[in-house]
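Reader: I would like a close look at one helix and whatever packs against it. Please keep to what the model shows, residue by residue where possible.

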Amino acid sequence: MRQHRRTLRLLGSLLLVAMAASVTGAAPAPAASPTPLDRVIPAPASVTPGGSPYRITRGTHIRVDGSRETRGVGEYLAKILRPSTGYRLPVTAQGAGGIRLRLAEGPFGAEGYRLDSGRGGVTITAAKPAGLFHGVQTLRQLLPAAVEKNTVQPGPWLVAGGTITDTPRYGWRGAMLDVSRHFFTVEQVKRYIDQLALYKINKLHLHLSDDQGWRIAIDSWPRLATYGGSTEVGGGPGGFYTKADYREIVRYASSRYLEVVPEIDMPGHTNAALASYADLNCDGVAPPLYTGTEVGFSSLCAGKDITYDFVDDVIRELAALTPGRYLHIGGDEAHSTSHEDYVKFMDRVQPIVAKYGKTVVGWHQLTGATPAKGALAQYWGLDGTSAEEKARVVKAAQNGTGLILSPADRVYLDMKYTKETPLGLSWAGYVEVKRSYDWDPGAYLPGVPGGAVRGVEAPMWSETLENSEHVEFMAFPRLPGVAELGWSSAASHDWERYKGRLAAQAERWDALGIEWYRSPQVPWGSGGR
């Protein structure tokens, strides 16, 4: 009799559901399905789907080994998951199952990982902590976009079953932020770092000095920051980072496995320094501070000894603050420096960088001088750059100079998408999403040895960008594509497949509060605003 009553109640419930659907015209909601393993950006090296999904529940633990680095990655993951799931998700070295982060020998290199998912749990394995961190970014993208929100969401929190094995194509996957034309606070830089980390970017290039502002405190030349940093494009108040501020940016970037590459641009783009100290000028007269956007009019005085005392002091102090391997010395658009003086300047400055334990990075005009052994040249030319200039870069690469590719008409994130774009510049042309993605770094400069290409970098110049919303609008949706060019194999690059994966990211950007451009080239669907 009890079984009969239960059957009647069940039939009644089903009848009520059917009646409600007929009244509203709506079908019952389909069961949630997990994000397929191959829908993430950057595209993984190998995906083998199969088996039951794992479901994060109130009882899930994040299990780590005894290392400080692994626990740090576990705490980072827990901090992301706790607000949206509402679960405790303790990070522990005890027990089995749940989400496991483990360091182990394997074919992962410095940044690769393997993610195994099934009914019993998710395990991310890597040889180095950076690999675990990158594996966590993949796990984030396999969970519903609502996982990024700061309030409790309904779930369910499913991770598709199967295995991802992943290693990057290039070791340099960078993004540059120009804090000189407009100043960005420590918190604004941190926000951008978090957005870069989601797509496995591993270098943050900070453009710390230019004509419009000097942004890092140098104790031996204090007016560089206090005076040279006192304005910005348009005449705003500018700003600068104290040494403590800069250390905090470096620390935060390191916690997201990004290496900070500081840039002091020279001998051109130096008006802020020349305005701060008259002796740095050949005529001994300091120019006024500059708040416009023209380029090529300023130059350090290559013939004065004080110039090299100045450079030595700045590099010494900046190198001491920077644990990373690289220091960028600019070198672009030095139109007010003669070729002879440019070569003389670079011949004297590059050994100073080496003296303080750093490797030289310069814009590709450095190849017009003699790049130091081990130096990297950052190519920012266009498809239409002269054959002579390209040949000089190719020859340097053939002679051992490594290349970072940042073609302006492909990956300069401050270029307008179309003529209607309210922000950005257009001197390199209009750069829509497909154009920024649809090229191969390994084949971009014919004649360059394959091993000479160290990676890609997406610069963000800030002549027209004043806040985080402006930066995000210009970065998204192009930044993930540049990240994929740096991480994923050339064979995986396919615009038709990529644009569908990109469209699926919009809901995540909304959940994170990221401003973004709704490119008509991408089938966003109803999920994106």
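Author: What follows deals with helix α4, its two helix partners, and then some loop residues with unusual backbone geometry. The model is predicted.

Helix α4 covers residues 186-198, and one of its partners is helix α6, residues 243-255. The two axes lie 10 Å apart and make an angle of about 15°. An angle under 35 degrees counts as roughly parallel, and α4 and α6 are therefore described that way. The crossing of α4 past α6 is right-handed. On the α4 side, the residues in contact are Val 186, Val 189, Lys 190, Ile 193 and Asp 194; on the α6 side they are Asp 245, Glu 248, Ile 249, Arg 251, Tyr 252 and Ala 253. By type, this contact has six nonpolar and five charged residues, with no polar ones.

Helix α6 has 13 residues, which at 1.5 Å a residue should span 18 Å; the C-alpha atoms at its ends are 18 Å apart, so the two values agree. Its buried residues are Lys 243, Tyr 246, Ile 249, Val 250, Tyr 252 and Ala 253. Ile 249, Tyr 252 and Ala 253 also appear in the contact with α4. The cover over the buried residues of α6 includes α4, the strands β11 (203-207) and β14 (259-263), and α8 (305-321). After α6 comes Tyr 257, with a positive phi near 60°.

The other partner of α4 is helix α13, residues 468-475. Here the angle is about 25° and the axes are 10 Å apart, so α4 and α13 are roughly parallel as well. This crossing, too, is right-handed. Gln 188, Arg 191, Tyr 192 and Gln 195 of α4 meet Ser 468, Val 471, Glu 472 and Ala 475 of α13. That contact consists of three nonpolar, three polar and two charged residues.

Strand β14, part of the cover over α6, leads to the loop before α7 (271-276), where Pro 267 is placed. The peptide bond between Met 266 and Pro 267 is cis, with omega about 0°. His 269 is in the loop between β14 and α7, and its phi is positive, near 55°, though the residue is not glycine. His 269 is buried, because its relative accessible area is 3% and the cut-off for buried is under 20%.

Another cis peptide bond runs from Gly 155 to Pro 156, with omega near 0°; Pro 156 sits in the loop between α3 (129-142) and β8 (157-159).

Notes:
Residues numbered from 1 in each chain as written. Predicted model: local features only at pLDDT ≥ 70, side-chain atom pairs only at ≥ 80, totals over all residues. Heavy atoms only, no water. Axes fitted to C-alpha atoms, helices over the stretch in contact; angles between N-to-C directions. Helix = DSSP H or I, 4+ residues; strand = E, 2+ residues; numbered from the N terminus. Parallel < 35°, antiparallel > 145°, perpendicular 65-115°, else oblique. Left-handed = near helix turned anticlockwise from the far one by under 90°. Contact = heavy atoms within 4.5 Å. Nonpolar A, V, L, I, M, F, W, Y, C, P; charged D, E, K, R; others polar. Expected span 1.5 Å × (residues − 1). Buried < 20%, exposed > 50% of the residue type's maximum accessible area, 1.4 Å probe, protein only.
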